[in-house]
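The following exercises invite the reader to examine a structure step by step. Each task is followed by a worked solution.

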Amino acid sequence: GEKNFSNLDISNRDISESRLHNNDFSNANLENNKMAHVDFQGSNLSYTNLRNAELLGSNLSGVSLVGANLSGANLSGANLSGANLKDANLKDSKLYGADLTGTSLENVDLSGAELKGANFSGAHMTKVILENVDLSGVNFNGIHMVGQRLVDADLSGVNFQNAFLKD
């Protein structure tokens, strides 16, 4: 059932393979946790500290990550489809092959992030910082991008088909 983990310090733990969907982790400290293949579907992770967390292959679909600190986190292969990442910090994070279809990214810092092969199809990006990022092979099909800061980015093999791009 639904549990309340808000404001708790549950950092530096290994909770891999856990089923934690529909729980409240808002304002919790999950820094440095090993959380590979964890099912967070439908959970609230707003303003959660996930700095340097390992979330490889985890299910974060439909999750609220508003204001979350994901700097240095490894989200490779994770499912973030439909997630709300408004005001999230993803600086220096790893999102290799991650599924970000239909996500909402507003005022998000992705500088230094490794995004190779990530799928952003149908995502809405507003005022996202994309400095010093590897976007090679990224799928931006149907994306809505407004006011991005794109500096020193590798755009080789990027799919911008049906994309709406505006300064």
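**Exercise 1.** Leaving aside its neighbours within four places in sequence, with which residues is Ser111 in contact?

Solution. The model under study is a predicted one. Begin with the position in the chain: Ser111 lies in the loop that joins strand 1 (104–106) to strand 2 (124–126). Next, set aside the neighbours within four places in sequence; Ser111 is then in contact with Lys91, Asp92, Ile129, Glu131 and Val133.

**Exercise 2.** Decide whether Ser111 is buried or exposed.

Solution. The relative accessible area of Ser111 is 10%. The limit for a buried residue is under 20%. Ser111 is therefore buried. For the chain as a whole, buried residues account for 44% of the 167 residues.

**Exercise 3.** Identify the residues of the largest nonpolar core that touch the most other members.

Solution. This core holds 46 residues, and Leu110 and Phe120 are the ones that touch the most other members. Now take Leu110 and discount residues up to four places away in sequence: among the residues touched by Leu110 are Leu90, Leu95, Leu105, Leu115 and Met125. Val128, Ile129, Leu130, Glu131 and Val133 are also touched by Leu110.

**Exercise 4.** Describe the strands of the chain and the open sheet.

Solution. First, count the elements: the protein chain has 6 strands and 0 helices. From the N terminus on, they run β-β-β-β-β-β. Second, establish the order: an open sheet of 4 strands is arranged as 1-2-4-6, with parallel pairing. Its edge strands, each pairing on one side only, are strand 1 and strand 6 (164–166). On average, neighbouring strands of this sheet are turned by 0° against each other, direction ignored. Third, examine one pair: strand 2 and strand 4 (residues 144–146) are joined in the parallel sense over 3 bridges. In strand 4, His144 is the bridge partner of His124.

**Exercise 5.** Locate Ser64 and name the partner of its side-chain polar contact.

Solution. Ser64 belongs to the segment before strand 1. The side chain of Ser64 makes a polar contact with the side chain of Ser46, at 2.7 Å. Leaving aside neighbours within four places in sequence, the residues in contact with Ser64 are Ser43, Asn44, Leu45, Ser46 and Asn84.

**Exercise 6.** Compare the radius of gyration of the protein chain with that of a compact globule.

Solution. For 167 residues, a compact globule would have a radius of gyration near 15 Å. The protein chain has 15 Å, so the two values agree. The C-alpha trace spans about 40 × 20 × 20 Å along its principal axes.

Definitions and conventions: Residues are numbered from 1 along each chain as its sequence is written. This is a predicted model: local features need pLDDT of at least 70, side-chain atom pairs count only at pLDDT 80 or more; totals for chains, interfaces and linings use all residues. Side-chain values use heavy atoms; hydrogens and water are left out. A nonpolar core is a set of buried Ala, Val, Leu, Ile, Met, Phe, Trp, Tyr and Cys residues joined through side-chain atoms within 4.5 Å. Buried means under 20% relative accessible area, exposed over 50%, partly exposed in between (1.4 Å probe, protein chains only). Contact means heavy atoms within 4.5 Å. Helices (H or I, at least four residues) and strands (E, at least two) are DSSP runs, numbered from the N terminus. A polar contact is a pair of N or O atoms within 3.5 Å; within protein, one must be able to donate a hydrogen and the other to accept it, and residues adjacent in sequence count only if both atoms are side-chain atoms. Two strands pair if DSSP finds at least two bridges between them. Axes are lines fitted to C-alpha atoms, for helices over the stretch in contact, and angles run from 0 to 180 degrees between N-to-C directions. The radius of gyration is taken over C-alpha atoms; the globule rule is 2.2 Å times the number of residues to the power 0.38.
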